[in-house]
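This report describes the fold, the pockets and a few single residues of one protein chain. The sequence and the model come first.

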Amino acid sequence: MSSCDVREVLDLVADKWSLFIVANLSDGPRRFTELKRAVDGVSQRMLTVTLRRLERDGILLRTVHAVMPPHVTYELTPLGTSLLHAAAPLIAWSNGNLEQVAAARAAYDAG
């Protein structure tokens, strides 16, 4: 595997929305509208693009349920669950250090 291939996979997790979506699927399948509400700030278009990319990369599974109106759910695949486990410490660090990062930015911008 070349370093270019590794960069492509790293781009998957470095994407602005991917880890938010993966984290929001940690409790099980969710519908598009549930994800849209849960991932603050994501546009409908960007959510659609990101979901398609994650499906293509094998991170999530899109299931269309044969009901009227059509019911679509998204859930993590085993590969997606392994990504969630790998990213969990980074997500926890981010949540735990929000205030410190905000304070550092404010101090930098003031100085």
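Pro69 sits in the loop that connects β2 (60–65) with β3. The peptide bond between Met68 and Pro69 is cis, and its omega is about -10 degrees. Most peptide bonds are trans. The model is a predicted one.

**Overall fold**

Six helices and three strands make up the secondary structure of the protein. Read from the N terminus, the order of the elements is α-α-β-α-α-β-β-α-α. Along the principal axes, the C-alpha atoms occupy a box of roughly 60 × 40 × 25 Å. The protein has 111 residues, and 26% of them count as buried.

**Pockets**

The two pockets can be set side by side.

| Pocket | Volume | Nonpolar lining residues | Polar lining residues | Charged lining residues |
|---|---|---|---|---|
| Largest pocket | about 400 Å³ | eight residues | four residues | three residues |
| Second largest pocket | about 200 Å³ | four residues | two residues | four residues |

Which residues lie nearest the centre of the largest pocket? They are Phe20, Leu90, Ile91, Ser94 and Asn95, out of a lining of 15 residues. Two or more residues of this lining come from each of the helices α2 (18–24), α5 (78–96) and α6 (98–110).

The second largest pocket is lined by Arg31, Phe32, Thr33, Thr48, Leu51, Arg52, Glu55, Arg62, Val72 and Tyr74. Here the elements that supply two or more residues are α3 (32–38), α4 (44–56) and β3 (71–76). Which element gives the most to this lining? That element is α4, with four residues.

**Residues of α5 and α6**

Ile91, one of the residues nearest the centre of the largest pocket, belongs to helix α5. Is Ile91 buried or exposed? Its relative accessible area is 25%; a residue counts as buried under 20% and as exposed over 50%, so Ile91 is partly exposed. Between the C-alpha atoms of Ile91 and Val67 there are 36 Å in space, while the two residues are 24 apart in sequence.

Thr81 is also placed in helix α5. With a relative accessible area of 30%, Thr81 falls between the two cut-offs and is therefore partly exposed. Leu51, which is among the lining residues of the second largest pocket, is 30 residues away from Thr81 along the chain, and their C-alpha atoms are 15 Å apart.

Val101 is part of helix α6. Its relative accessible area is 30%, so Val101 too is partly exposed. What does Val101 form on the surface together with Leu90 and Trp93? The three residues form a nonpolar patch, and their accessible area together is about 300 Å². Leu90 of this patch is also one of the residues that lie nearest the centre of the largest pocket.

Terms used
Residues are numbered from 1 along each chain as its sequence is written. This is a predicted model: local features need pLDDT of at least 70, side-chain atom pairs count only at pLDDT 80 or more; totals for chains, interfaces and linings use all residues. Side-chain values use heavy atoms; hydrogens and water are left out. On a 1 Å grid over the protein atoms alone, a cavity is a set of points where a 1.4 Å probe fits but cannot get out, and a pocket is an open set with protein on both sides within 12 Å along at least five of seven lines; lining residues have an atom within 4 Å of a point. Grid points are joined across faces, edges and corners, and a volume is the space filled by probe spheres set on the points. Ala, Val, Leu, Ile, Met, Phe, Trp, Tyr, Cys and Pro count as nonpolar, Asp, Glu, Lys and Arg as charged, and the others, Gly among them, as polar. Patches are made of residues with over 30% relative accessible area and no salt bridge: like charges are joined within 9 Å, nonpolar side chains (Val, Leu, Ile, Met, Phe, Trp, Tyr) within 5 Å. Accessible areas come from the Shrake-Rupley method with a 1.4 Å probe; for residues, only the protein chains shown count as cover. A salt bridge is a side-chain nitrogen of Lys or Arg within 4 Å of a carboxyl oxygen of Asp or Glu. Buried means under 20% relative accessible area, exposed over 50%, partly exposed in between (1.4 Å probe, protein chains only).
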